[in-house]
Amino acid sequence: MAETFPIRVAGLNHFFGTGEARKQALFDLNLDIKRGSLTVLMGPSGSGKTTVLTLMGCLREVNEGSVRLLGQELNAASEAQMVSLRSRLGFIFQAHNLHESLTAVQNVLMGLQVHGAADPAKQRAAANHILDLVGLSDRRDYLPGNLSGGQKQRVAVARALVSNPDIVFADEPTAALDKESGHTIVAMLKTLGQVRQTTTVMVTHDNRILEMADRIITLEDGRVVADSQKAAHGPRPSP
Amino acid sequence: MSRLLTYLFGRLPIGWLQLSHNKARLIAAVSGVAFANLLVFMQLGIMGALNGSTIAPYAMLNTDIIISSQEGNTLTDSGEIARARMFQALGVPGVADATPLYIGNLPFTLADGSSVSLLSFGFDVAKPGFTSPEIAKSLGELAIENTVLLDRDTRGMPASVIEALDTGGRYPFEANGNTLVAIETMNVGGGFLADGMLVMSDQTFLRSFPARTSGAPDQILLHVDDGVSVETVVDRLRAALPTESVKIQGTDASAQADLDFMSSERPTGIIFGFGVFMGILVGLVIVYQVLSTDVADHLSEYATFKAMGYGQPFFLGIVFEEAIVLAIFGFLPGLVVSIGLYAGLNAVTGLPVAMNASRAILVFLGTLAACTLSGAIATRRLAAADPADLF
């Protein structure tokens, strides 16, 4: 049975550096992220929001405290466990990081092939379908070098979503997009939450999309200073 | 190509797509590998010619055991040995027959005034059983004073001479103050040892080399009795003869010892061996440079794949895929150009340089191994692809 809270953070402290250079970046964070919700992390530069995102996304080892992701404790998890968990996640980066030698559809296919061999025709159909959804059906066979910044970002979004991930982590996904495209992408993530119960955690400074968020968590100096959520998504979880 | 590789790998051929995306880099990399292959092929070709030349005279012999002086280095670079050792050997159980072999370099001036050296072999014409069938059939004619068989590949020898001999003609010539008459040709190939070869009777040999005596041949050839092993007789001979002054070896062992001497003790063997090593090193460096640059250029993409859940085997697969593509694409032009250069070298120098399947396969496997090794070293850079740095 799917967890109500696919992300549970308790007593999380995080440090960078060692010895005298050791600096604490996060202080006693406690967060439960509800399944199917769209959560926005906000805060000034250096507030720790990206650190939180990388810890939740199995991209960094947990120093102290607990992060449970999809029921798996990440503190002291092995590299193999982290890699395995990451294949159930979707990542959207501010820099699209598309592979320059792969076409749009091939980049999207990479999001599917991580799960192993499958029917190539079905995989290609799925990749084409998601490219249609992000409005790039006529750019499937284009290399990234021949796409605009916004189109590249939409390919990156398609790559992150094509495998129906349980959780999507996004870092400024709309930064390179115009208002309409940005709205379309966030609306798609919102719809995924409602239809597939995909959980999205997004770092953004884009005030245009805050209205679509179910929950907005504001960090400053490694601490949560504000945490607001829409009532429609039920009571606020206990810290 | 992409579809074929996708079918073979069951995934997108990232390595191939990455390499083929940057055509200029691909061409440079393939050219580098081809050049390294060319270097290795040329060194191996010349080394093969050296080895072929070294053991070519063995093809003229039909012998089980060879007794030679400890001072000698190879069959043709030998010291003299007392013929009395032959009679001692004949007294050893298992030795059926024996014959002396005389070897010397005969200087000869061609019609155009250039000097060549003819490696001359003097056989006892009464014992054709110690020579190859090709020579044995003509050995009786060599009983006639001053007649010789001439190597048809002798450098500088006019084609008209060989044609005349092929059609039953004679070719008289003067060498070392003695008039010799070539009555037929044979096919041995001089290569590095000499410009050509002559086969003659021991009597003609001794007339051509006045300083030599019949009591001191260069080699003693032995046949063993039927049913007796060569090794057994070699052991008996070593017990009976003074091994501090004579070497006693089976024919195959003698040929191998000659090869070992030429490859490890002669400067030419060492130089060409070093050339092969340099070729491999050049290939390793080129492929490493290409692959490590490629990995460095795609670190953010690799980090993205890591974030998506791809494990280390996937990345190793990409790098090794690139290494194998470079090995195959670099080998083929290297092979083709080498075959052409072999033909050119053979035409210009007369050296027995030729491509053979075993060498081509050996170099291909070596190229694969070297590219894979380079790839393995280049994968260390993958550790720098940290997905946490993407945010």
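Begin in chain B of this predicted model by selecting Ile66(B) and Leu221(B), which are bridge partners, the latter in strand E8(B). Extend the selection to strand E1 (residues 65–69) and strand E8 (residues 219–224) of chain B: the two pair in the antiparallel sense, with 4 bridges between them.

Next, show the sheet to which these strands belong. Its 9 strands run in the order E5-E6-E4-E7-E3-E2-E8-E1-E9 (chain B), and the sheet is open, with mixed pairing. Go to its edges, E5 (171–175) and E9 (246–250) of chain B: each has a single partner strand, so one side of each has no neighbour in the sheet. From one strand to the next, the twist averages 30°.

Now add the helices that touch the sheet. Helix H6 (residues 159–166) of chain B packs on it, in contact with strand E4 (147–151), E5 and strand E6 (178–186) of chain B. The direction of H6(B) makes about 70° with that of E6(B). Then select helix H8 (residues 230–240) of chain B, which lies across E1, strand E2 (95–109), E8 and E9 of chain B. Relative to E9(B), H8(B) runs at about 170°.

Move to chain A and pick strand E1 (residues 7–16) and strand E2 (residues 23–33) of that chain. They pair in the antiparallel sense over 7 bridges, and one pair to display is Phe15(A) with its bridge partner Gln24(A) in E2(A). The two strands make a hairpin with 6 residues between them. In the turn, look at Gly17(A), where phi is positive, at about 80°.

The nonpolar cores come next. The largest has 115 residues, and the members that touch the most others are Leu41(A), Val108(A) and Leu326(B). Helix H3 (residues 23–55) of chain B gives the most to this core, 15 residues. A second core, separate from it, has 46 residues, including Ala56(B), Ile65(B), Ala89(B) and Phe121(B).

Centre the view on Leu41(A). Beyond its neighbours within four places in sequence, Leu41(A) has contacts that include Lys49(A), Val52(A) and Leu53(A). Also among them are Val201(A), Met202(A), Val203(A), Ile217(A) and Leu219(A).

Finish where the chains meet. The contact draws 23 residues from chain A and 19 residues from chain B. On the side of chain A that touches chain B, helix H1 (49–56), helix H2 (79–86) and helix H3 (104–113) of chain A each supply at least two residues. H3(A) provides the largest share of that side, 5 residues. Coloured by class, this side of chain A shows 10 nonpolar, 9 polar and 4 charged residues.

Methods
Residues are numbered from 1 along each chain as its sequence is written. Chains are lettered from A and ligands numbered from 1 in the order in which they are written. This is a predicted model: local features need pLDDT of at least 70, side-chain atom pairs count only at pLDDT 80 or more; totals for chains, interfaces and linings use all residues. A nonpolar core is a set of buried Ala, Val, Leu, Ile, Met, Phe, Trp, Tyr and Cys residues joined through C-beta atoms within 7 Å. A residue is buried if 20 or more other C-beta atoms lie within 10 Å of its own, exposed if 12 or fewer, and partly exposed in between; C-beta atoms are placed from the backbone. Two residues are in contact if their C-beta atoms, placed from the backbone, lie within 7 Å. Two strands pair if DSSP finds at least two bridges between them. Axes are lines fitted to C-alpha atoms, for helices over the stretch in contact, and angles run from 0 to 180 degrees between N-to-C directions. Ala, Val, Leu, Ile, Met, Phe, Trp, Tyr, Cys and Pro count as nonpolar, Asp, Glu, Lys and Arg as charged, and the others, Gly among them, as polar.
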